[in-house]
Amino acid sequence: MQICSRVHGNLTRKSLVSGSSEPVPLPVGLARPPALSAARLGTANFSATQLGKLVQGVIHLTEPSLSYLGVPELVEELEERIRAVLGVDTATILLMDESGTNLVAYAAKGLEEEVEQRVTVPVGKGFAGRIAAERRPLFLPQVDERVVVNPLLIAKGLKALLGIPLVAEGDVIGVLHVGSLTPREFKADELTLLEAVSDRIAAAILSSRRLEAAERAIQARDDFLSTAAHELKTPITTLKGYAQLMQHRLAANPETPVEEILSAVGAINVAASKIQSLIEQILDVARIERGGLNLAPVELDLSALVRDTVEAHFQPHADRIELDLEPGAVVCADPLRAEQVAINLVDNAVRHAAGSQIVVSICRDEDSGVRLRVKDDGPGIPEDERPHLFDRLTQGSSATKGLGLGLHITKQIAELHGGSASATFPREGGSVFEVTFPSARR
Amino acid sequence: MSRARSVLVVEDEAPLRQLLGELFREWNITGYFAKDGVEALAILSETAVSAILLDMRMPEMDGWQFAAHYRRRIDCSAPIIVFTAATDPEARAREIGADAWIAKPFNLADLADLLETAIGGHSSVSSASAVTKIQ
C-alpha cells in the first residue's frame, strides 16, 4: 500500500503542521479515480471507527451530487456539509472561467466576500492557482502574502488552508479549499475524505452545468419556435385576409372587376413569397447544421449581381441606398447564395437602421479577395448584442422583426466559400457589415 | 371631435395596412393608418377615433410604449383592440390594459363583429374590464 503510506507520511511530517509558509504538496494518487474500496482509498492504516466515519462522511458529502440541484444550490449544499464534517471555518469553490486561464470564486461559506468581489486567481498563481496548475492537493500551514494572491484570505485571519483540485473528465474545472481561523493540521482521513469526494463534486458540478446548458438550449429553441410562429403568422394574416375578401366579393358580385382580383392575387403572392422565404431560412439553418448546404460556384461579377439584387428587391428604399461598386470584381461563388448574402446584408440595414442612409460598396482587396460592404448611419448595435450578431437563434431588439437567422446564414455562406463575415461599429455611429468572397483566378 | 365609425390602425406591416384599408371601405369605416406608435400619437393629436387596432411588435415605438403614452392623454376613451400574432394575445392585451384582442391570422367576420361592438357600443366596450375573446 504505497499510496497509503505516502499519504500518512506526508501529513504527519512536522513541517506540514507549522513553521512554514510554503504550501506543502500532498499526494495525488488517491483522488483519481475515486474508488470506494479501502485499498484504493488508502485506508489500510485506519481503524474501524475511522473507516466508519470516512464512509459516513463520503455518503454525507456526496449525497447532494445525486440530487437534481442547479449548480449554485449544489455547491452551496456541498460547502455547508464539508464545513460541518471537517470542522473548518471556510469552504470555497472557485471554478475555471471559459478561457481556462483564471479561477473565479463561485461560492463560499465563511468567506462570502470572495464571491461578492468575484475574486479571480490566475492559474499558476497563488494558493488556488497553484493547485489548479499542479493538479494536486496543497496544504498551507501558514497563510501569508508570500503565497496567497488573494488579500481576503489574509484579511479574514485564516491560519491554515487545505485545497484540492476539482477534476472532471480529465480537466481541472475548479478548486475547492477549506480554511481554519486557528492553526491546525489536517489528518490523513480528512484529506482522504476530501479527495474521495472531490471528483464526485467535480462530476456533479459538470453534470449540473450540462443540465443548465441543455435547459438554456431548450429555452432558446422554444423562443425561436415562438418567434418563427409569430413571423409566419404575419404574412399568413395578409394572405388569408385577401383570400377571404375575394371570396366574399366574388360571392356577392361574380362580375368583380379583374383589376380588384389581380390586386388581391398580387398581395397573396407577395405574402406567400414571404412565407417561402422564412421557411427557406429555417431550412438553410438545418442544412448548415448537418453540413448539407451545397454550393454550385461559378465565376461571376459580384458588382453586377449586387446591383441587380438591390434594384430587384429594394426599390421602395432606392432613395436611401447608394451603390459604389467597383467594376470587374469577379469572384468564384454560387450565384443564388451570393444574392442571398447581398439581400440579407441590405435587408438587415433597411430594417435595423430605419430611415438611415445605406452605402453598398464592392472593392477588390489584394489579401482577402472581393469585399462587399454595407454601411448605414443608423443607431448601431448595442454593445452587449455585438458579440452574438452572427450566432444562431439570435435577434437584436424586440422591436425589430425577423427570425434573427439572416446574419448567421450570411456568415456560414461566406465561410463555405472560403471568405469571411464581420461587423464593425464606427465611433461616429452606424454599423458596417462586410463579407468577403475569394477572387476568381484569371 | 370624435369621428363616427373611425378606426386607427397601428401596424408596421404595409400589406396588412393595405388589406385593412380595403376591408374598412367595405365596412364603411373611416381608417387612419400608422406604421408605429409615434405616427399613431401624431394622428391622435389631430383626430379623434372610435377605436384603435394595435399591433404590439413595431419599430420606433411598440404597442406597450404606445399604450403607456396613450393612457397619459386627456382623451383616451377610444378602446384599444390588441391585434397580434403573439403566442398568447390575451396576455398581451392584459399587459397593456386593452379592451379586447384579436389574434392574427383572423377571420374577417370576427374582426367585423369586434369592430362593430367597439364602434357601435363605444362606451360599454371602453368601460368593460374583461378582455373580449375573439378566436
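**Exercise 1. Determine which residue of β2(B) stands opposite Val7(B), and place this pair in its sheet.**

*Solution.* Val7(B) stands opposite Gly31(B) in β2(B). The pair belongs to a predicted model, in which local features need pLDDT of at least 70, side-chain atom pairs count only at pLDDT 80 or more, and totals for chains, interfaces and linings use all residues; side-chain values use heavy atoms, with hydrogens and water left out. Residues are numbered from 1 along each chain as its sequence is written, while chains are lettered from A and ligands numbered from 1 in the order in which they are written.

Step 1. Strand β1 (residues 6–10) of chain B pairs with β2(B) in the parallel sense over five bridges. Strands, like helices, are DSSP runs numbered from the N terminus (helices: H or I, at least four residues; strands: E, at least two), and two strands pair if DSSP finds at least two bridges between them.

Step 2. The strands form an open sheet of five in the order β2-β1-β3-β4-β5 (chain B), with parallel pairing. Because β2 (30–34) and β5 (100–103) of chain B stand at the edges, each has a single partner strand and one side without a neighbour in the sheet. Neighbouring strands are turned by 20° against each other on average, direction ignored; axes are lines fitted to C-alpha atoms, for helices over the stretch in contact, and angles run from 0 to 180 degrees between N-to-C directions.

Step 3. Helix α2 (residues 37–44) of chain B packs on this sheet and touches β1, β2 and β3 (51–54) of chain B. Contact means heavy atoms within 4.5 Å. The direction of α2(B) makes about 135° with that of β2(B).

**Exercise 2. State which residues cover the two faces of β3(B), and identify the partners of this strand.**

*Solution.* Step 1. Ala51(B) and Leu53(B) on one side of β3(B), and Ile52(B) and Leu54(B) on the other, are all buried. Buried means under 20% relative accessible area, exposed over 50%, and partly exposed in between (1.4 Å probe, protein chains only).

Step 2. β1(B) pairs with β3(B) in the parallel sense over four bridges, and Val9(B) stands opposite Leu53(B).

Step 3. Strand β4 (residues 80–84) of chain B pairs with β3(B), also in the parallel sense, over three bridges. Here Ile52(B) stands opposite Ile80(B).

Step 4. For chain B as a whole, the pattern along the sequence is β-α-β-α-β-α-β-α-β-α-α, and 54% of its 135 residues count as buried.

**Exercise 3. Check the length of α11(A) and describe its start.**

*Solution.* Step 1. The expected span of a helix is 1.5 Å times one less than its number of residues. For the 18 residues of α11 (residues 335–352) of chain A this gives 26 Å, which agrees with the 26 Å between its end C-alpha atoms.

Step 2. At the start of α11(A), a side-chain oxygen of Asp334(A) reaches to within 3.0 Å of the backbone nitrogen of Leu336(A).

Step 3. Buried residues of α11(A) include Arg337(A), Val341(A) and Leu345(A).

**Exercise 4. Decide whether His417(A) is buried or exposed, and list what it touches.**

*Solution.* Step 1. His417(A) lies in the loop between α12 (406–416) and β13 (420–424) of chain A.

Step 2. Its relative accessibility is 10%, so His417(A) counts as buried.

Step 3. Not counting residues up to four places away in sequence, His417(A) touches Leu295(A), Cys332(A), Ala333(A), Asp334(A), Arg337(A), Phe437(A) and Pro438(A).

Step 4. The helix before this loop, α12(A), lies across β13 and β14 of chain A, running at about 30° to β14(A).

**Exercise 5. Identify the strands that pair with β2(A) and the bridge partners of Leu94(A).**

*Solution.* Step 1. Strand β2 (residues 90–96) of chain A is mostly covered, with seven of its seven residues buried.

Step 2. β2(A) and strand β7 (residues 171–180) of chain A pair in the antiparallel sense over six bridges; in β7(A), the partner of Leu94(A) is Val175(A).

Step 3. Six bridges also join β2(A) to strand β3 (residues 102–109) of chain A, again antiparallel. In β3(A), Leu94(A) has Ala105(A) as its bridge partner.

Step 4. The hairpin of β2(A) and β3(A) has five residues between the strands, and Gly100(A) takes a positive phi near 75° there.

Technical notes:
Polar contact = N/O pair within 3.5 Å; in protein donor to acceptor, adjacent residues only side chain to side chain.
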